Structure formats: structure tokens, C-alpha cells
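Notebook open, coffee poured. Today I am looking up how two chains meet, and then one sheet.

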2 protein chains.
Amino acid sequence: MINEKMYELGSKRSIIREIFEYGNMRRSIVGVDNVYDFSLGNPNVPSPKELDASISKLCIKEGIHAYTSAPGAISVREAIAKNLNERFKTSFHKDNLYLTVGAAAALTATLRGLCNPGDEVITFAPYFTEYKVFTESALAKLVVVSPDFKNFQIKFDEFEKLINKNTKAVIINSPNNPSGVVYKEETIIKLAKILKEKSIEFGNPIYLISDEPYREIVYNNVQVPFVTKYYNNAIVCYSYSKSLSLPGERLGYVLVPDQVDDSKIVYAAICGAGRALGYVCAPSLFQFVIEECVNITSDMSYYEVNRNIILNGLRELGFECIEPDGAFYLFVKSPIADANEFAKKAQEYDILIVPGDDFGCPGYVRIAYCVRKKIIENSLPAFKKLAEFYNL
Amino acid sequence: MINEKMYELGSKRSIIREIFEYGNMRRSIVGVDNVYDFSLGNPNVPSPKELDASISKLCIKEGIHAYTSAPGAISVREAIAKNLNERFKTSFHKDNLYLTVGAAAALTATLRGLCNPGDEVITFAPYFTEYKVFTESALAKLVVVSPDFKNFQIKFDEFEKLINKNTKAVIINSPNNPSGVVYKEETIIKLAKILKEKSIEFGNPIYLISDEPYREIVYNNVQVPFVTKYYNNAIVCYSYSKSLSLPGERLGYVLVPDQVDDSKIVYAAICGAGRALGYVCAPSLFQFVIEECVNITSDMSYYEVNRNIILNGLRELGFECIEPDGAFYLFVKSPIADANEFAKKAQEYDILIVPGDDFGCPGYVRIAYCVRKKIIENSLPAFKKLAEFYNL
């Protein structure tokens, strides 16, 4: 008699959370250094020192815990717009920004604001598992383009065939969770071209939703194209979870540029959706922390060290790895067809990794290497045993 | 082509927020002491000093900004359960609690978890305006029992007639926003009796959702009955916004006692709904702040001082006021039938008050007296002019 769909979402938790909880249990038995828990994208690089100093300073300020305006405090939105404009030579202003309780809230508000029942939203495998939950929560349907196993870019032929009159939006995520791959500029250009053509063909804008919490985590000077420069109807969903190592604090934004068709209407619908979902304002203290720390990030070189150890280590052991351009995930081909079975076997060696099936990409596993270097180093002998088990 | 309903919610903002924004504008013109802004329930009593000390101490702790488990950190939920058990002689435990991003999120997750399309949710006027938004967001319909103008308790005859096979839940809010009234024990007992009978008659539990962010703000030793002691299928939605003066930080919980029919299923559905709405976890730093500060509140005597000044002041001027037992709202009968017109006239004297219409209670206005004492004192001459205008 309660809502069965919600019960299912609450009882059958995401496999990532499932493994994370298992890891907590396992750590209490064998010790924190002996569980090689690569399950969760929980940044382990500390927040910058300036950030904690900023919290201590701000928390004694009068009114710091008060409600802000629903879209976020004006000074905070101005600071974020300025930061974006300096970095990307754009001309955003405060009224393009709606501050949210993290990227998840940015996505649910955007999808709910844009979609009507029966609408379709397209994404590309491998994709972040919760896109399906968020899209269905907005009463729309998630349509998945199968993985491009060659380059982990986009299978455009298949994509074009899946666009129809019900296609309301397309979600991309670059740097990608779980593959670590960044979409090249040529990929974004081609994607924009198709979206323009199809928007004209069907007489309605198809919105490009760019979910980019990993924008600042890239390696070897790879450039992440800023989508609003390539496509007018692009909306950016961002989170400070990774760039400032604040995932639990839930602070992000939706960016709706003026160039979006009926920009003000789209922005209002997204704010209205936030209201309907129960978001009153983004956490106030951390809004002002972001204002003060908008130009800094955690020490991202940390992830590069981890990346190189795990990438080289696993390749030497004979594992086939997708080279990550960004984020803190390594996507590894399962040595057997069933990645679930492979992940279960790894668990016997206290290696906790997530099968690709839930990311729409069977046959692969995701290794979140945002862990202490020591855990990665300790894990290599365990991975060696795993490789030996599979005769790699 | 976007979602019209969401656009409407985003563009036609709640009248309270509307007036709040007007107040911001007006203050910048005539000065902060000359706008008598009684529009918003934004607690002005400072958070306790211990709370800010706790923030400074916690923010340098490793991992404090990390994701917590989705329902909230275990130690935090244990501390809250212990606090409730000590105060109300209950026996709750951590798995009865789901920490949320404020009471609004507690309500949206609860309603979405419980309701199916076509369900009905009953509440009693005057009621918090967003109940309608939250209920409709859960695809259910809000049914309103008209105000009991005599005592601002419940019109039981009308209530009984409105219950039918589609009634999934009843929302109460005591101490009440906007009336300030507390439901007496006899009201809760009668409500529970009817809900039990009707649950049996229709063969399904009717859940009682108690929205009680004002529980700790009461006057003259009035007791607020703890609903789970009177009715098995009661679910509590709480927020620390008022008790610790943290409205912008968004921290609250849903309490689903074991005694609720299929308690674990209901709890899972509410957690699942939170996930579908984009809530990943409640803000992490403030979860741990709550753990440390669970036994303290802001200095609530502050509101009592304000209450007495405004209540006595307005009565002396000839206004008809409902005596508030709790919360920080004074509900005043409009001297003319149209409370909107009255509120507009008050605005000419820089008195910002909210018409009762949006609370389902035309003919009254709400005065949120959670403002500096000086503002209240300064406002009395303006109220005097208003009284004179209406020949009171």
C-alpha cells in the first residue's frame, strides 16, 4: 500500500552503497589497512586548509546559519559566475545559477523541471547508475546508448537512431564516472551538431545536461571542453564534492546560460522543481565557504599519484585497463565475461570493486582509486593473487 | 514544453518568500531598523555558543566532510534516539531514524514514500503553505479541513466526513505555523481514535505525519503531546532549524517507530524516496554538530519576550489575536474581510505580514515575531497608525 517503487529503491540499495557498507563491516574485522575498498567515490584528499579556516571564521558570523534566498545567496552566485567567466571566458551572471544540495539535487531538479510524463532522456553507457533513478523520478524514461568499447567516446550512429520526438534531454558526464574518460572536443562538436539538427527536425529543443563534478580532476593536461561554448541549449550540473573534497556537505549548482531557449522559463522551472522536491536552499554556511574558496581546489596531484600506481600495477599484472584522462576511477576489463562473478572473487581477497553492469557496461569493473596511497600499495599483492587465479 | 507545473512553482514563488525578498529591497532603502519584517520564520536567536565551538572543533577532523551512510551517520542517529528516549520515555533506536536535509525533505520523502497516484492526504487549516506543493509533488491530493475559528483545534465532524478509502495520511503541525496554537492532549486522543477506527473501516493504515519543527518553542509550560504515544501509525518529521537556529543548514529527520505497521517497509520506502528525490545524505558536518549539541537548544526565552510585547501591544491597539502557545507566530484577525488588502495596507507602513489565505485561513494574517526585539518595539507606532486607519 505504500509506494512500491520507492520501497524497491530503499530496500535494494545501489550496489555501490551495498559494497561500501560491506567494507565498513569488513574493516571492523580485519582492520582499515587490510580492506582494499575501491567501491565509493568518496574523495580522500583533504579539503584545502583555507577551507577549514574559512569555516571557523564564518561560523561565528551573525546570520550565517539563516535561510538564504531559495536560488542561493546573491554574493555566492556572483562569486561563482565570476570564477567561471575568468576560467572559460564566458559571461554568466548570478541569475544563471541555482545553488543546489549537490549534483544529485542539481540533476533531479533539472530533470523534473524539464520533463513531462512520457519524455525520454538519453545517456551513454557507461553511465552513473543513479541517472536511471533520477530520470524515472521525473516520470521520464532513460534511454541508453550502448558503450563504445573502442574509445569510450560516443556511438553516434546508435545515438541518432534513438532520438525521437519524445527526446527531451541528453545527459553526458565527462570526465566520466565510471570510465575516467574525457570526451574529446571533436566528440562534443559532433554531439552538438546532431542535437541542433534533431532539435530542428522535431521542432523542440533537446537540452544537453552536462554533469561534471570531476571537471577539475584531469591528467596530462587533458582539456575538458566547456559545453555551453558548443551548444546553446546546454545546462551544466556541478558539485564541489570532488574539487573541494566536500561530498557529504552537499553543495553544487545548476547553470542555465542566457543563450538557452526561453532561458528564464527553464531556470524558473528548475527552481520550481527544487521547491517541489523539498529543497529550501543549499546549506548556508557552505554556500559562503564556497564564495571564499571558489578559486581553490584540493591538491589534485594526489589522485595522479594513485592513478599511476594502480594503472601501471594492474597493467603489469596483465589486467586490461582503460587509460583514465580524469576523475578518480579506473575501468578494468573483467578477465571473465561475468564481471559480477569477477567482483565477487575479488572480494575474497578483500578487494572491493564495482561491477560495470550497473553502469550499463557489463564485462568491466570500476576501481575508485580515491583512497590512501597505502591502500593501493597494499592492494597490489592481493591483485597479484587475483591475476594468478585467472592465469593472467 | 518544459514542465509547466514546475515553471509555475518556480515563477509564482510562495508569497512568504515574495514578501521576504521585498523586505530585502526595502531595507536597502529605508534601513534595517525601519522595516518591520514579520514575513519569514527565520529564527533570529543566535545558535548556542557551544554549537559554533563544536563546528570549529569538528571541521578540522579528518573525514568530517565525507559522505555518510545514506540514512545518516550511525553515531548521530544513536545520539538522537537516546535524546528522544530520555525526554519522552520511548525506546527508539538508530534504525527508526532517517536524517534529512531539513523538515521539508523529511516531508517530501515521507509523502513520496507513502503515496501512490490518486491517494489523498488530509491536513487542517491553517496549515503550512508548502504541504500542498509537497503532497502534489508526491502525485497525491491535499484535502483541507476548514479552520476551527473558535479554538484553532480540529473540526472533527468535517474531518471524519473527508476520510475515505483513498486517504493515505494526515499531516498535523503543532505548535502550529501559522497560528502558534498547540493541539491539546484531548485533541490528539480524539484524532488517534478516529484514525484507528477509519483504518479498520477501510482496511488500510492511515498514517499520521507529525511535522514538529517548533516542538521546543512553547510558552507557559504548555505540553506538546508526543504523537507516537497515542497512535501506532505515527511518523514524526523534525528539523533542527528552530531549536538550534540553523534553518539554512538543512538538518532534520524522519522518525518511523517500530510500532508502525510494516515499519521496516515504510522506513525503506521513505529512504528510497529520499534517494529518488536526489538526497544523498544530510549535510555531514552538521550531522556531527547535532550529535554534539543534541541536548541543547538556543535561548528560547527570547521568543517569549517578543511574544509578550507583540501580543500585548496589538491587543491594546484593538487587534484581535489568537494567543500563541508555541512557535514564534502570532495569528491576527484582519480588521477587514480581505486579509490580502489588510496586509497590503500594512506594507504602506513598512509592516510586512503574510495574509492567511495561503495558509487556508482567509481573514487572518501571520506575524512572525522571530525578529530583534527592537524591530518589534519600533513597529508598535506603525501598528498604531494602522489601527487608527481602521478605526480600531
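**The interface**

I began with contacts, meaning heavy atoms within 4.5 Å: 75 residues of chain A are in contact with 75 residues of chain B. A note to self: this is a predicted model, where local features need pLDDT of at least 70 and side-chain atom pairs count only at pLDDT 80 or more, while totals for chains, interfaces and linings use all residues. Residues are numbered from 1 along each chain as its sequence is written, chains are lettered from A and ligands numbered from 1 in the order in which they are written, and side-chain values use heavy atoms, with hydrogens and water left out.

Next I looked up the buried area (accessible area, 1.4 Å probe, that two parts lose on being put together, summed over both). Between chain A and chain B it is about 5800 Å², and carbon and sulfur atoms give 55% of that. A:H65, A:Y67 and A:R275 supply 14% of the area that chain A buries against chain B, more than any other three residues.

I then met A:R275 again: it forms a salt bridge (side-chain nitrogen of Lys or Arg within 4 Å of a carboxyl oxygen of Asp or Glu) with B:E130, with the closest N and O atoms 2.8 Å apart. Across this interface of chain A and chain B, the rule finds two salt bridges.

**The sheet**

I also traced an open sheet of four strands in chain A, in the order β9-β10-β13-β12, with antiparallel pairing. Strands here are DSSP runs of E, at least two residues, numbered from the N terminus, and two strands pair if DSSP finds at least two bridges between them. I found five bridges joining β10 (residues 329-333) to β13 (residues 364-368) of chain A.
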